[in-house]
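A learner and a teacher go through a structure together, one feature at a time. Each answer gives the idea and then the case at hand.

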Amino acid sequence: MLTQIHSLNILLPFLYFVTFAVYFLDFTKELKFFNRSKRIALFASISTHLFYLALRTFEFQHPPITSKFEIFSILAFAIGFSFFLLELISEVHKTGVFVIGISVFFQVLSTIFILDNYEVKEVLRNNLLGLHVISALLGYAGFTVSAVYGILFTIMYKQIKRNKFGKIFVQLPSLELLEKLSFYSVIIGFLLLTFAISIGIIWLPQAFSDFTYLDPKLISTTIVWLIFGTGILTKLVGNWYGKKVIKFFLIGYALTILSMFLANVILPSFHSFY
Amino acid sequence: MNFIGISLTHKTASIEVREALHLSKEESSELILRLKENIFSSGFVLSTCNRTEIFGFPKDGKFDFQPVLKTLLDFKHVENLKPENFVKYFSCSAVKHIFKVASGIDSLIIGDSQILGQTKDAFQLSEDLEFTDSVTKRIFDTSIKVGKLSIRETLIGEGAVTISFAAVQVVGKIFSSLENKSALVIGAGETGELAATHLRDKGIQRLSIANRTFDRAEKLAKKLNANVIEFDKLKDKLNEFDIVFSATSAEGFILEYDDIKLNMKKRKGQPICLMDIALPRDINSKASQLDNVFYHDIDSLNIIVNQNLQKRQSEIPKVEKIILSEMISFFSWYNTLDIVPTIKAIREFFEEIGNDELEKIKYKLSSDGFEKVEDMTHRLLGRLLHNPTMRLRQIAEKGTDPNEVASMSVLVKELFDLNSESHEKETK
């Protein structure tokens, strides 16, 4: 099984790269072949990835959340999977190249640095922790996808305002749709993060003797949750539109990255496992 | 192939000449009757605002364009026409020209979608007036096929190539659907009407018209199932609209920067599209500085039109490839026409012999026995004639050497002493 895991670990970045290339060619060349093949390529990539993650869980007897690079692999999968669903249910067909690129990035890092972790802390074998981490990661994947659509919205907005009607103008969907996609991704991300926080609130005090509500990771996650919660409220209640709401979510995403970096890399936390 | 035609288009004549020579449906019908009586055995007349074309097979088989020109000029009495206003086509070039017209690559606006419908109508008129035969019908069918293939397999008809349509295309890049949007068209002239029609075609939920002359607005609103807004109350009601098209002939701005700014406050920042398709402009372009205000004028929309025209231009080689392929197919079929009477004659000759011999033994056999012999005779003849028939068709379909087809035909007729008169080519 270990040989299969290693083979799949090498195969995955290639699969994601091929998928990225097909989406790129579909965006630039507009050929029917690429249009038909892109979703098949993405489905093959995420299916293989799911199988790989299942094999790892089974072989190493813990969910694949015990190192940064296992987390990166889950993040690559979560982003690919979120986009697969989004493309399936929405009319957006030309934005994959911007999203799948992120999966390629995380999976390449994971493939290079991931280790076979048989020996891990007992707490990392806990299924509740697995659920907590995976839902939080899916939540952050939602925010990432939202940021991608936010950036595309901003580019498209500027192109239309400046009378630039090139490839981006022709291929990207309407501003209204980009805004909707960004908003829906934030809602999905927010719900998943809320779920992750709820599990954390119930389970963390029992699992850690040194638990404190003043932990940097808890504070940063709460800040992220508050930022996106406020964004959703202003959009729904305050009737914010277009550029204003997109700008809010993009700033929110930048703060998320910053706070996560500070909490995970700079400041000490009971909540750090690696 | 003695197929000839004359063509006057935007490439060869001014708009005044084209207008003067334009034929209505009734006039086309009358002209066809004259052509049918005196010049052509079959053909067609196509007349649009950009072209008048007359094509057909001369009854006398000569490549003489003068009678066609004379008939047309006697019919329309157009002055100041010069010989260079007409391009003359014959045989292969005539067929190719018709295919090019149907594909839209010969149009003033390359890839014009209307021309295929106009060509179909012209062909239909010929059929209705019994001005067709198997060859012209084949030309008609192939032309329509070329037109359809060009639209389906190339991007020759893609993208907006008019200002109003380009404006609607930009609107489509701001709003995902027009089904829950409201639009206001200011100006009920030709441009305003075109813009309003495009919006209606795209499924706009609420359409309103405003015009200085209220009656004119009302008339257009009735035509497009829209509401009318009084011109004086325009600014007060502006916030109700997501899309505004302005196409008046007013000298100054109808909507100033402050009007739009106030409107955006009332709309609480909801995006608005301002399409200023008037010349001189109706809306102060400073409005484009406001957030969520998408202002475009003729100059900016022209960028899209030119881009799309360039794209269509680059698709011409693909359309020409389709035309070439269909020409090969058409002439392969046409060349078989030379051999068809010979094949028919040889089959009839053998069947006659078979029937004669069957007649001789008809009463010498039981009915069951006769049926078996009859079946066997037909099968035998079928098998004997299969290879010569197929070989003759193959030679004709190659179409590389018409003399080979003719000499083969003569040889077959000589060998079997076929009555040449009764087996003359029927279709030509």
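**Reading the backbone, the sheet and the contacts**

A: S91(B) lies in helix α4 of chain B, which covers residues 91–103, and since this is a predicted model, what follows describes computed coordinates.

Q: What is the value of phi at S91(B), and is S91(B) buried or partly exposed?

A: Phi of S91(B) is near 50°, a positive value in a residue other than glycine. The residue counts as partly exposed because it has 13 C-beta neighbours inside 10 Å, where 20 or more would make a residue buried and 12 or fewer would make it exposed.

Q: Which residue in the loop between β9 and β10 of chain B has a positive phi?

A: In that loop N292(B) is found, and its phi is near 65°, again in a residue other than glycine. N292(B) is partly exposed, because 19 other C-beta atoms lie within 10 Å.

Q: Where is P280(B) placed, and which peptide bond leads to P280(B)?

A: P280(B) also has its place in the loop between β9 (272–276) and β10 of chain B. The peptide bond that leads from L279(B) to P280(B) is cis, with omega near 0°.

Q: How should I read the sheet of chain B, and what is the order of its six strands?

A: Strands of a sheet pair through backbone hydrogen bonds, either parallel or antiparallel. In chain B the open sheet of six strands has the order β7-β6-β5-β8-β9-β10, with parallel pairing. Its edge strands are β7 (227–230) and β10 (293–297) of chain B, each of which pairs on one side only, and the twist from one strand to the next averages 20°.

Q: How many bridges join β5 to β6 of chain B, and how many join β6(B) to β7(B)?

A: Five bridges join strand β5 (residues 182–186) of chain B to strand β6 (residues 206–211) of chain B, and the two run parallel; within this pairing I186(B) stands opposite A210(B) in β6(B). Four bridges join β6(B) to β7(B), which also run parallel, and here S208(B) stands opposite N227(B) in β7(B). As for burial, β6(B) is mostly covered, with five of its six residues buried.

Q: Which helices link these strands, and what is the handedness of the β-α-β units?

A: Helix α8 (residues 190–201) of chain B, together with β5(B) and β6(B), makes a right-handed β-α-β unit. From β6(B) the chain crosses through α9(B) to β7(B), and this crossover is right-handed. Helix α9 (residues 214–224) of chain B packs on the sheet, where it touches β6 and β7 of chain B, and its direction makes about 160° with that of β6(B).

Q: Turning to chain A, what does its domain assignment give, and how many residues of domain 1 of chain A are in contact with domain 2 of chain A?

A: The assignment gives domain 1 (1–125) and domain 2 (127–274) of chain A, and their C-alpha centres lie 20 Å apart. Between them, 24 residues of domain 1 of chain A are in contact with 20 residues of domain 2 of chain A. On the domain 1 side, α3 (68–89) and α4 (96–113) of chain A each supply at least two residues, and α3(A) gives the most, with nine. By class, that side has 16 nonpolar, four polar and four charged residues.

Q: How many residues does the contact take from chain A and from chain B?

A: The contact takes 15 residues from chain A and 18 residues from chain B. On the chain A side, the elements that give two or more residues are α5 (127–161), α7 (175–207) and α9 (242–266) of chain A, and this side has seven nonpolar, four polar and four charged residues.

How values were computed: Residues numbered from 1 in each chain as written. Chains lettered and ligands numbered in written order. Predicted model: local features only at pLDDT ≥ 70, side-chain atom pairs only at ≥ 80, totals over all residues. Pairing = 2+ DSSP bridges. Axes fitted to C-alpha atoms, helices over the stretch in contact; angles between N-to-C directions. Contact = placed C-beta atoms within 7 Å. Domains from an automatic or database assignment. Nonpolar A, V, L, I, M, F, W, Y, C, P; charged D, E, K, R; others polar. Right-handed = clockwise from strand over helix to strand, strands pointing away.
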